[in-house]
Amino acid sequence: MHDPSVLLDSGTEAVRRLARRRHHLDVSVLSRLYETRNLTRSELERLRAEANRATRNAGRSGPPSEEAKEATRALRAEVKTAESALRDAERELTDFLLGIPNIPLDQTPSGDSEKEAVEVRLGGPPARRPAAGGSARHHADIGAELGILDGPAAAGLAGARFSVSRGPGARLERALSAFFLDLHTEEHGYTEYAVPFMVNRETMTGTGQLPKFEEDLFRTAVGDRELFLIPTAEVPLTNLVAGKLLDAAALPYAFTSRTPCFRAEAGAYGRDTRGILRLHQFEKVELVRICAAEDAPRQLELMVGHAEECLRRLELSYRVVLLPAGDIGFSARMTYDIEVWLPGADAYREISSVSDCGTFQGRRAGIRVRGADGRKAPAATLNGSALPIGRSVAALLEQGVQEDGSVLLPEALVPYTGFRRILPGGAVSDS
């Protein structure tokens, strides 16, 4: 959440920068709400001071008169009314601020869609395109022939946009999770957490999913208890330190977790609906780092490198792009997308987004840092996928399929899978 005084002090500069992500900041409304809150707070302070004076003076020269008692009661009633007015004013201001996305950095390119993303670099082996006149195979078809992906079974159990993996396919998913977690905890210095898959409204608000994206969230309620299914482990991992004052000397914090992710994808229908690229439920290994504000740019580059290392060891073709301001997430101020090559689509598709949120989530969730000089300031937060399991499987199938229909897996996964090749029909082989 933003500091309203900062938004108003920067004036048209805040308006200009937010307009880059197609958000119109109505300064007149913000100014009115901010002024109302401040005036209401000042009036409450005045009434409290007056009520305290009246109470102190009432008994100084003997028992207070009925007239004095009545005046004190009237002042206390005014205080209660003013307290209620302040709560209303603060709620209105907070509701307005919660709807304002993060302000993009100037380094974030201009533009509204992924088409205007700026390619930073290519990674892994060269992208393999089908021969002239030929076509590459889609992972859904490859998985069906191998006997490891069962779309009809998933549809029968839960409807569209769910998946069922079987035999070596399920083993491959488990292997990928273990491989990613081992890499991040043993080589990249992350601490692994097992976290709740359902969280409360306050937790969702702290990282920016609420109130903006309520329609994209799955929600459950038992009695008067409301919980949301997490769309990413970023939500519980970041909120592990919500409301805490962190020692700058102990930073950065580096957290990782493997969780299911639940997304209604209400605004995403019509693209990548076949196969396992865009599901309502999928598993992902998430990375979160928390640091001092001035260290965020360095931590962002470090995290991108951690996600890239997953792809390098899986021997997958990919590229890194810098997203334009109009295409970054609500809480982000700068985002790198890592896109894996999918021959079946003849295109790169996002497999990881790594975002620098600056102090945006730190302010919303009350995460602060105490520096060596004793000063307190909001912490910076960063998050990224490293990596989602389903999209990694899709890339491995499409990039690893052989002429005989088998799929060759990278050497890095063999200690986790126990096999190197998946054969049509679901058999496996060591070579």
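Here are some friendly notes on a predicted model, point by point.

1. **Aromatic pairs.** A good place to begin is with the rings, since seven aromatic pairs are found in the structure. In one of them, the ring centres of Tyr-193 and Phe-255 are 5.0 Å apart with planes at 70 degrees, so this pair is edge-to-face. The two residues come from distant parts of the chain, 62 residues apart. Tyr-193 sits in the loop between β2 (191-192) and β3 (198-199), while Phe-255 belongs to strand β7 (residues 253-262). Their surroundings are worth a look too: Tyr-193 is partly exposed, with a relative accessible area of 30%, and Phe-255 is buried at 6%.

2. **Trp-341 and Tyr-348.** Another pair to look at has ring centres 5.1 Å apart and planes at 65 degrees, so Trp-341 and Tyr-348 also meet edge-to-face. Trp-341 counts as buried, at 1% relative accessibility. Tyr-348 counts as buried as well, at 18%; that value falls under the 20% cut-off for a buried residue.

3. **A ring cluster and helix α7.** Phe-179, Phe-180 and Tyr-416 are joined into a cluster by ring pairs. Both Phe-179 and Phe-180 are among the buried residues of α7. That helix covers residues 168-186, and its 19 residues should span 27 Å at 1.5 Å a residue; the distance between its end C-alpha atoms is 26 Å, which agrees. Other buried positions in α7 include Pro-168, Gly-169, Leu-172, Ala-175 and Leu-176. Further along, Leu-181, Leu-183 and His-184 are also among them.

4. **Helix α12.** How many of the residues of α12 are buried? The count is 12 of 12, and the helix is described as mostly covered. The helix runs over residues 389-400 and reaches 16 Å from its first C-alpha to its last, close to the 16 Å expected at 1.5 Å a residue. The buried residues include Arg-391, Glu-398 and Gln-399, as well as Val-393, Leu-396 and Leu-397. You may like to view these side chains in turn.

5. **Glu-339.** This residue lies in strand β10 (residues 334-342) and is buried, with a relative accessible area of 7%. Which side chain makes a polar contact with that of Glu-339? The partner is Arg-319, at 2.7 Å. Leaving aside neighbours within four places in sequence, Glu-339 is in contact with Ser-317, Tyr-318, Arg-319 and Val-321, and also with Tyr-348, Arg-349, Glu-350 and Ile-351. Tyr-348 therefore appears twice in these notes, as a contact of Glu-339 and as the ring partner of Trp-341.

6. **The sheet of β15, β16 and β17.** These three strands form an open sheet in the order β15-β16-β17, with antiparallel pairing. β15 (407-408) and β17 (428-429) stand at the edges with a single partner strand each, so one side of each has no neighbour in the sheet. Strand β16 (residues 421-422) is joined to β17 by two bridges, and the two run antiparallel. Within this pairing, Arg-421 is opposite Ser-429 of β17.

7. **Strands around β5.** Strand β5 (residues 225-229) pairs with β3 in the antiparallel sense over two bridges. Here the bridge partner of Val-199 is Phe-228 in β5. β5 also pairs with strand β4 (residues 219-222), again in the antiparallel sense, over four bridges. In that pairing, Ala-221 is opposite Glu-226 in β5. The hairpin of β4 and β5 has two residues between the strands, and Gly-223 takes a positive phi near 65 degrees there.

8. **Cysteines.** How many disulfides does the structure hold? The number is zero. A disulfide is a covalent bond between the sulfur atoms of two cysteines. For Cys-261, the closest cysteine sulfur is that of Cys-310, 15 Å away and therefore too far for a bond. Seen from the other side, the closest cysteine sulfur to Cys-310 is in Cys-261, at 15 Å. Cys-261 is buried, with a relative accessible area of 0%, and Cys-310 is buried with a value of 0% too.

Note on methods
Residues are numbered from 1 along each chain as its sequence is written. This is a predicted model: local features need pLDDT of at least 70, side-chain atom pairs count only at pLDDT 80 or more; totals for chains, interfaces and linings use all residues. Side-chain values use heavy atoms; hydrogens and water are left out. Rings of Phe, Tyr and Trp (its six-membered ring) pair if their centres lie within 6.5 Å; planes under 30 degrees apart count as stacked, over 60 as edge-to-face and the rest as tilted. Buried means under 20% relative accessible area, exposed over 50%, partly exposed in between (1.4 Å probe, protein chains only). The expected span of a helix is 1.5 Å times one less than its number of residues. A polar contact is a pair of N or O atoms within 3.5 Å; within protein, one must be able to donate a hydrogen and the other to accept it, and residues adjacent in sequence count only if both atoms are side-chain atoms. Contact means heavy atoms within 4.5 Å. Two strands pair if DSSP finds at least two bridges between them. A disulfide is a pair of cysteine sulfur atoms within 2.5 Å.
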